[in-house]
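Hi everyone, thanks for coming. I'd like to walk you through a structure that may be new to you, so let's bring it up on the screen.

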Amino acid sequence: MTSPLRRPLIAGNWKMHLTLAQSVDLARAVKDGCAGAPGEVAVCVPFTAVSVVAQVLKGSPVKLGAQDLFWEAQGAFTGEVSAGMLVDAGAQAVVIGHSERRRLFGDTDEAVNRKLRAALAAELMPIVCVGETLQEREEQRTFKVLQTQLEGGLKGFAPADLSRVVIAYEPVWAIGTGKTATPDQAQEAHLFIRKTCARLYGEGFAAGLRILYGGSVKAENVDALMAQPDLDGALVGGDSLKAQSFLRIMHFNAPAGAK
Ligand code: PEP
C-alpha cells in the first residue's frame, strides 16, 4: 500500500511565460477547476507573478510556487530573489535545480544543495529536479547521474529536515521535446530514486517521498504514467499553460487498484 504521505501532486511550471493579466486568468482557471482533483495541485510561476497569483489563489487549495531562489537571505546579489522574499510574496513552494537552470545558468549540485537548505529554512516546499541527458542515457549512465545529483543535492540533512521535499524526475531529453519517457522507463528511474533515497535517508523516509515525473506530460499520457507504482505526480511545463490540458492532467485517472 502506498504511504498516505505520498498524496499525488500535479505541479505546473509556467517557465518564462505569460503577462500578469494572462497569469491571473490561468490561475483563476486552475483554482476554479481543481475541485474533485485526486491530489494536490500547484502552479510555479515567474517571480513577477507570485504576488498577483497569490491574491487569485487565496483561500483555494492550489499551492503557489516559484521556479528558483538564491540561498542568501539578503544583500548585494543583483538580480536574485531570496526564500524569504518568495514567502513574503505568497509562495509556498519552489522548484530547485530544474535542468534549464542547470544547463543554461550553471546550477551545480552544490548550488542545489544550498538552495534547498534556504527553501527548507523558509518552510517552502522544495521540488528538487534531477534527470539525465539523452547522451547520458545512451551511454547507460542514467542511474549514475541520478545518484550523483541526489547525493549532492540532498547532502547534509537529517531525514526529518527533508519531510517537505518533493523530487521531480525529469529526463532532459523529454522536456519540451514532445518525447515522453514510457511509463516503464519512468517507473524504473523512480524506483531507482526511491531506493537511493532509502540508502541515504532510510526506508521510512523513502516510503513517504513524493517523486514526480516531468517531461512532455500531456492529457493523453498522464493516466498511464500515474498508474505506475512509484509515480506520485507530475511536473508539467508546456501543457500547464493551456487551461484545458492542465485541468485534464490534474484530474488524472489512474486505473483503480493500480498502486
Ligand atoms: C518542465 O518544465 O519541467 C517540463 C517537464 O516541461 P514540458 O512538460 O514542457 O516537457
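Which helix gives the largest share of the lining of the largest pocket? Before I answer, please keep in mind that this is a predicted model. The answer is helix α4, residues 99-105, which supplies four residues of that lining. The pocket itself holds about 470 Å³ of space. It is lined by 17 residues, and K15, M16, Q67, R101 and F105 are the closest to its centre. By type, the lining splits into eight nonpolar, five charged and four polar residues.

Now let's turn to helix α1, which covers residues 20-33. It has 14 residues, so at 1.5 Å a residue it should span 20 Å, and its end C-alpha atoms are indeed 20 Å apart. Which of its residues are buried? They are S23, V24, L26, A27, V30 and G33. And what do those buried residues pack against? Their partners are β2 (40-44), α2 (50-57) and α11 (243-250).

Last stop, the cysteines. A disulfide is a covalent bond between the sulfur atoms of two cysteines. How many turn up in a search of the whole structure? Zero. Take C129: the closest cysteine sulfur belongs to C44 and sits 8.8 Å away, which is too far for a bond, because a disulfide needs the two sulfurs within 2.5 Å. C197 is in no disulfide either, with the sulfur of C129 as its nearest, 14 Å away. As for exposure, C129 is buried at 1% relative accessible area, and C197 is buried too, at 0%.

That's my tour, and I'm happy to take questions.

Terms used:
Residues are numbered from 1 along each chain as its sequence is written. This is a predicted model: local features need pLDDT of at least 70, side-chain atom pairs count only at pLDDT 80 or more; totals for chains, interfaces and linings use all residues. Side-chain values use heavy atoms; hydrogens and water are left out. Helices (H or I, at least four residues) and strands (E, at least two) are DSSP runs, numbered from the N terminus. The expected span of a helix is 1.5 Å times one less than its number of residues. Buried means under 20% relative accessible area, exposed over 50%, partly exposed in between (1.4 Å probe, protein chains only). Contact means heavy atoms within 4.5 Å. On a 1 Å grid over the protein atoms alone, a cavity is a set of points where a 1.4 Å probe fits but cannot get out, and a pocket is an open set with protein on both sides within 12 Å along at least five of seven lines; lining residues have an atom within 4 Å of a point. Grid points are joined across faces, edges and corners, and a volume is the space filled by probe spheres set on the points. Ala, Val, Leu, Ile, Met, Phe, Trp, Tyr, Cys and Pro count as nonpolar, Asp, Glu, Lys and Arg as charged, and the others, Gly among them, as polar.
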